[in-house]
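Good morning, colleagues. I should like to take you through a few local features of one structure, so please have the sequence and the coordinates open.

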Amino acid sequence: MPPKDLSLPFPLSKQTLAALLKACSSQPLQLKKIHALVLTSGLSVKNSLITQLLTNLVTLGDTQYARKLFDEMHKPRIFLWNTLIRGYAKNDMPMESVSLYAKMSALGVRPDGFTFPFVVKASTELPESWAALTIHAHVVKYGLEYNAMVRNELMIMYVKFGDMGLADYLFETMTERDLVAWNSFIAACVQMGYASKALALFHQMGLARIKPDAVTTVSALSACGQLGCLNIGNKIYESAVNDGMESNIIVENARLDMCMKCGSTHVARTLFDEMRLRNVVSWSTMILGYAVNGKSEEALALFSRMQNEGPKPNYVTYLGVLSACSHARLVSQGRAYFSHIVDSNDQNVRPRREHYSCMVDLLGRSGHVEEAYSFILGMPTEPDAGVWGALLGACAIHKNIKVGQVAADKLFELAADIASYHVLLSNMYASAGRWDYVDKVRLRMRKKCIKKVAAYSSIEFNSEVHVFYSGDNSHPQSSSIYQKLEDLYMQIRSLGYISEVGSVHHDVEMEEKEAMLRVHSEKLAAAFGLINVEPESPIRVMKNLRTCDDCHNFFKFISRVSMREIIMRDKSRFHHFRNGTCSCKDFW
């Protein structure tokens, strides 16, 4: 153990200082005391001691003190520039990381292969893309474009920017694609929602005879969860078991998450109960999974069990708990849980912006729009786009134009280029019949070149993902699909189905609205499923955006006439349709 009191009874030497630095490497306060000793020792201290001190401080996350040391140094070596750049990047300080690189470049200090991976990573986190593109130019300038670590980060950067063409080019032209490169590319695709590319890469990796590890498997299972590909995911897991990964808790947790994201809650619970070892991720995955699947009672019951016999909950666990309250309109319980985490002394539990967004969603969707707005105004931190977006969504549901406009104004300050917020505002005005304001929002979108994300739905069949867009005629079975839809409409109309034309947010004639509703992507996917999926299996439809009122009503009716279970996941949650009812109890 290092001494608590650094007032030493013996003369200092460079060797003594080096030993003290090593002994106190994990204690920032003691490191600063050693720095004071260095300054008052009168020794001609070499940069090696300051380098050791600075490196320890950066590792501990004290970048502010580390920068103070750095600025006092005379001509710091490239290693120190890299150390501080990396420290800023790892401590979520991308602007400081990029700015330090800019200073380094201005002083004529030549970067190396260890400089750029972290500078590229930091520049990708900045709102403007020009910094990242400039740094890519510097990579080429210094001849480091074929450095494996640098190329990996550039590839991830372009995936995050949505430029899959350049990302593919960087990957395909690598001189040697090792397991790290494959894992980096696959993980980046999963993270950014390249809901099919990740699975294609996983398949390509097998053809290249590159054996996947646990990291690859987790990414592939996550991709299957995003796409709703339960069967493909099960095959990937079986392959992982054959490779000896069945006892890897990270892989097991990824499998749980995949099952939940495919709406297979019963299978997930069986797997959870059979796990020999469960950690906080296992419990949190189940609780959050139950919440988004509309099984709030199961989520809260499992949370209660976790408090009695499981590990300590963390912030993700409570996110699941609040989501369960939100999806079941449990306002008083949600308030109580939120108060608990606010008052907690545990830093792993204290509320983050996601918890505030969840509370705004709970209050707003339950009809307490004004309270939700007041809740935001009382936040101890600056509300982000997620918080204001939750409020705008609630205003759209309850047609509260006054508060909705406030939320929209804030969103356009924070995330002016996000199409979904403009669409939410437009839909709110359309629901209230304010078509003049709808036109203004759409005009603003055109001026800013903001395009609405195209809605699509997907369904897995025979280990393939079939994708449908609204009015799609490209599928080989299109003729049968549209005939099936006609048959379904005839059946459900006799049971009282009426088109929810209010779901069409365009100022057109009633007949045109009905025609637009009839060919929504999720209806085409469901019809395909009813034709092809075996009767004993549920039909799983995944949609990239929120479903509309009419499609929700349509699915209730067809689950009744077909006597089939239909599971639909939209952008926000799952809907399990059985015999004419939905798991959401029409609160969504």
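How many residues does helix α24 have, and how far does it reach from its first C-alpha to its last? The helix, residues 401-414, has 14 residues and reaches 20 Å, close to the 20 Å expected at 1.5 Å a residue. Please keep in mind throughout that this is a predicted model.

Which residues of α24 are buried? They are V403, G404, A407, A408, L411 and F412. Residues three or four places apart in an α-helix point the same way, because there are 3.6 residues a turn. The buried residues of α24 pack against four helices: α22 (369-377), α23 (385-398), α25 (419-431) and α26 (435-447).

Let me turn next to a pair of helices. Helix α5, residues 78-90, packs with helix α6, residues 94-106, at an angle of about 160 degrees, and their axes lie 7 Å apart. Angles over 145 degrees count as roughly antiparallel, and α5 is therefore roughly antiparallel to α6. The crossing of α5 past α6 is left-handed. On the α5 side, the contact is made by I78, W81, L84, I85, Y88 and A89. From α6 come P94, E96, S97, L100, Y101, K103 and M104. By character, the residues of this contact comprise 10 nonpolar, 1 polar and 2 charged.

I now move to helix α30, residues 549-562. This helix has 14 residues and reaches 20 Å between its first and last C-alpha, close to the 20 Å expected at 1.5 Å a residue. Is α30 mostly covered or mostly uncovered? It is mostly covered, with 10 of its 14 residues buried. Among them are D550, H552, K556 and F557. The buried residues of α30 pack against three helices, α27 (478-493), α28 (510-518) and α29 (521-532), and also against the strands β4 (566-569), β5 (574-578) and β6 (581-582). Just after α30, M563 takes a positive phi of about 55 degrees.

Finally, consider D586, which is found in the segment after β6. Why does D586 count as partly exposed? The reason is its relative accessibility of 46%, since partly exposed covers the range between under 20%, which is buried, and over 50%, which is exposed. Apart from neighbours within four places in sequence, D586 is in contact with H552 and K556, two of the buried residues of α30. D586 and K513 are 73 residues apart in sequence, and their C-alpha atoms are 23 Å apart in space.

Thank you for your attention.

Notes: Residues are numbered from 1 along each chain as its sequence is written. This is a predicted model: local features need pLDDT of at least 70, side-chain atom pairs count only at pLDDT 80 or more; totals for chains, interfaces and linings use all residues. Side-chain values use heavy atoms; hydrogens and water are left out. Axes are lines fitted to C-alpha atoms, for helices over the stretch in contact, and angles run from 0 to 180 degrees between N-to-C directions. Angles under 35 degrees count as roughly parallel, over 145 as roughly antiparallel, 65 to 115 as roughly perpendicular and the rest as oblique. A crossing is left-handed if the near helix is turned anticlockwise from the far one by less than a right angle, and right-handed if clockwise. Contact means heavy atoms within 4.5 Å. Ala, Val, Leu, Ile, Met, Phe, Trp, Tyr, Cys and Pro count as nonpolar, Asp, Glu, Lys and Arg as charged, and the others, Gly among them, as polar. The expected span of a helix is 1.5 Å times one less than its number of residues. Buried means under 20% relative accessible area, exposed over 50%, partly exposed in between (1.4 Å probe, protein chains only).
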